[in-house]
Amino acid sequence: MKVLLLSPNTLQVPYPVYPLGLDYVAGAIAAQHQVQRYDLNSGNLEELATVLASWQPEVIGLACRNIDNTEAGAPDYFLDQLSQLVSWLRGRSQAVLVCGGSGFTIMPEAILALLRVDYGIIGEGERFSLLLTALEQGEDPALIPGVLAPGAPAQLAPPWDGQRRRVLATPEQRAFYVQQGGMLNLQSKRGCSFRCIYCPYPHIEGRSHRLVSPEEVAATALALQQAGARYLFFTDSAFNSDLRHSIKVARALRTSRLALPWGAFFAPLRLARSDAGYFKLMAEAGCCHVEFGTESLSPSMLRNYRKPFTPDDVFAAHAAAKAAGLHVAHYFLLGGPGESATTVQQSLERIEQLPQAAFFFFIGIRIYPGTELYEIAVQEGQISQNTNLLQPVFYRTNAIDRDQIEAMVLQQAAGRINWLVGSGGKTAANLVQRMHARGRVGPLWEHLAR
Ligand code: B12
Ligand code: SF4
């Protein structure tokens, strides 16, 4: 069959992101099929129309990474655009349309119905290969666990235990990312075993860790270097959620001849005495950006969120990362259950004890189905089982509203450029774009750190 894999994500905030998921979907498609990739970041609709007319794909795999930007203060919603793209594709192609991706997996039934595509794949897109076989053999793809069809009940699938193979996009498609910041991405594992109350990641990737062998991670990193990358980002939900594995991965990277800097999300977990050199090892392995998912520095809020660390652990992790010479950013998530002016003030005052870092404040927590926050919001009457959550709904705490929290953040920030509300929006993204155009690589928030 002729299969076109399409990445429609052209969001430039905080910077354009290489569509890694499609590498795995492409890697799962059996050799008897013909596969082409199309990325709207490196292409455009006129050219895509020509591909559709001349090549006539029989199946189109449509990636749905982002539903919205999860920023309550500056909301952006992407599914209307995606829906228009589906109509545009239907007008030019008879292909079977199959949607998948992290955004899709969060609310598969609702997105399938909105987009009116033929099938959806919940979770790991490696199952695309099974769907193609079913189509080819005239069987019903909806019988495959993890494959969703209109009107059929969603059957969740266990984590994919088959091969996970990556096929990179073409050099022309990669050039877009290589030239704008030089960033390509990779995984050292899938899954997160923590249970933070608001987080959909375990639902997207699974609760059990599925580890990539350290040698394979290093080989992939070297292959990306060869493919032109000048910076790597580990897309793991939390790079250190399996501490032992992250140590083995760092050692493998250190002994490989990888010459690229890299960054990742880390949880500011308590380190055992024996792991005192953890961040030093990360630095030796090429790590230069540590993005901590800190969320709060109020002990009660960390408990309410079920974060696996305390404020003291955050200070210790911060100090260790800085001592290792790493750039550090902390992400905060304010406004969850139990937040009040007192807990916000606690967080803001304690941030002053985190020197030389950038701080991103996400104020208002998006409610996702399948999370504990969802249950809390239903119990509190903020939403019902029937509320449409595609259009983002943010949790409201009685004791303080979003505007008050933002005012407190801005007051404490007192104009400091390293305190950003949300991702910094288009202003920050434009700045990053200009620096990328001048040849700078990576996420670049270190230039804000004070
Ligand atoms: C890493 C990450 C980032 C990094 C990316 C860095 C980089 N260079 O790659 C950074 C920090 C930059 C980032 C930014 C943003 N992110 Co982000 N990010 C993630 C994260 C943790 C992993 C994504 C990833 O690459 N996974 C690894 C790949 C292999 O997995 P995958 O893409 O899911 O692909 C698999 C399946 O989904 C499926 N699949 C994928 N595509 C397709 C296509 C088809 C046809 C099929 C069948 C299957 C399929 O198969 C793949 C293999 O199994 C996810 C959360 C998560 N755990 O998924 C959030 C996530 C994707 N991000 C999200 C958001 C909102 C954003 C931002 C908009 C935030 C902001 N305001 O700035 C921006 C948007 C950036 C952009 N330009 O698009 C949301 C999207 C949901 C939503 N509400 O819309 C997520 C889900 C987190 C969340 N809040 O729940 N992000
Ligand atoms: S550690 Fe991070 S990825 Fe894991 S559940 Fe908590 S917030 Fe989500």
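**Strand β15 and its sheet**

I looked up F361 first and found that its bridge partner in β15 is V421. The model is predicted, so I read every pairing here as part of a prediction. F361 sits on β14 (residues 357-363), and I counted 3 bridges joining β14 to β15, with the two strands running parallel.

I then followed the sheet outward. It is an open sheet of 7 strands, ordered β7-β10-β11-β12-β13-β14-β15, and the pairing is parallel. I noted β7 and β15 (419-421) as the edge strands, each pairing on one side only. On average, neighbouring strands of this sheet are turned by 20 degrees against each other, direction ignored.

Next I checked which helices lie across these strands. Helix α16 (residues 402-413) lies across β13 (327-334), β14 and β15, and runs at about 165 degrees to β14. Helix α9 (residues 214-226) lies across β7 and β10 (231-234), and its angle to β7 is about 160 degrees.

**The other sheet**

I traced a second open sheet, this one of 6 strands in the order β2-β1-β3-β4-β5-β6, and logged its pairing as mixed. β2 (34-39) and β6 (147-148) are at the edges with a single partner strand each, so one side of each is left without a neighbour in the sheet.

For one pair I went to residue level. Strand β1 (residues 2-7) pairs with β2 in the parallel sense over 6 bridges. Within that pair, L5 stands opposite R37 in β2.

**Backbone checks**

I went through the backbone angles with the usual expectation in mind: most residues other than glycine have a negative phi, and most peptide bonds are trans. I logged two entries against it.

The peptide bond from V13 to P14 is cis, with omega near -5 degrees. I placed P14 in the loop between β1 and α1.

Q56 is not a glycine, yet I read a positive phi of about 50 degrees for it. Q56 belongs to the loop between α2 (45-55) and β3.

**Helices α3 and α5**

I took the axes of helix α3 (residues 79-90) and helix α5 (residues 108-115) and found that they come within 9 Å and cross at roughly 50 degrees. The two helices are therefore oblique to each other.

On the α3 side I listed L79, L82, S83 and V86, which meet I111, L114 and L115 in α5. By class, this contact has 6 nonpolar residues, 1 polar and no charged.

**Domains**

I used the division into domain 1 (2-148) and domain 2 (180-447). Their C-alpha centres lie 27 Å apart. I counted 24 residues from domain 1 and 34 residues from domain 2 in the contact.

I then looked at the side of domain 1 that touches domain 2. α4 and α5 each supply at least two residues of that side. Its classes come out as 17 nonpolar, 5 polar and 2 charged residues.

**Ligand 1**

Where does ligand 1 lie with respect to domain 1 and domain 2? Both domains give residues to the shell around ligand 1, so the ligand lies between them.

I sorted the 44 residues around ligand 1, and those that come nearest are G21, G61, G100, G125 and T235. I also listed the elements that each supply at least two residues of this shell: α1 (20-28), β3 (59-63), β4 (96-100), α4 (102-106), β7 (183-186) and α8 (201-205). The largest share, 5 residues, comes from α1. By class, I split the shell into 21 nonpolar, 17 polar and 6 charged residues.

**Ligand 2**

Which residues surround ligand 2? I wrote down C192, F194, C196, C199, Y201, P202, S237, A238, S241, A267 and G293. I classed the shell around ligand 2 as 8 nonpolar and 3 polar residues, with no charged ones.

Key:
Residues numbered from 1 in each chain as written. Chains lettered and ligands numbered in written order. Predicted model: local features only at pLDDT ≥ 70, side-chain atom pairs only at ≥ 80, totals over all residues. Axes fitted to C-alpha atoms, helices over the stretch in contact; angles between N-to-C directions. Helix = DSSP H or I, 4+ residues; strand = E, 2+ residues; numbered from the N terminus. Parallel < 35°, antiparallel > 145°, perpendicular 65-115°, else oblique. Contact = placed C-beta atoms within 7 Å. Nonpolar A, V, L, I, M, F, W, Y, C, P; charged D, E, K, R; others polar. Near = placed C-beta within 6 Å. Domains from an automatic or database assignment. Pairing = 2+ DSSP bridges.
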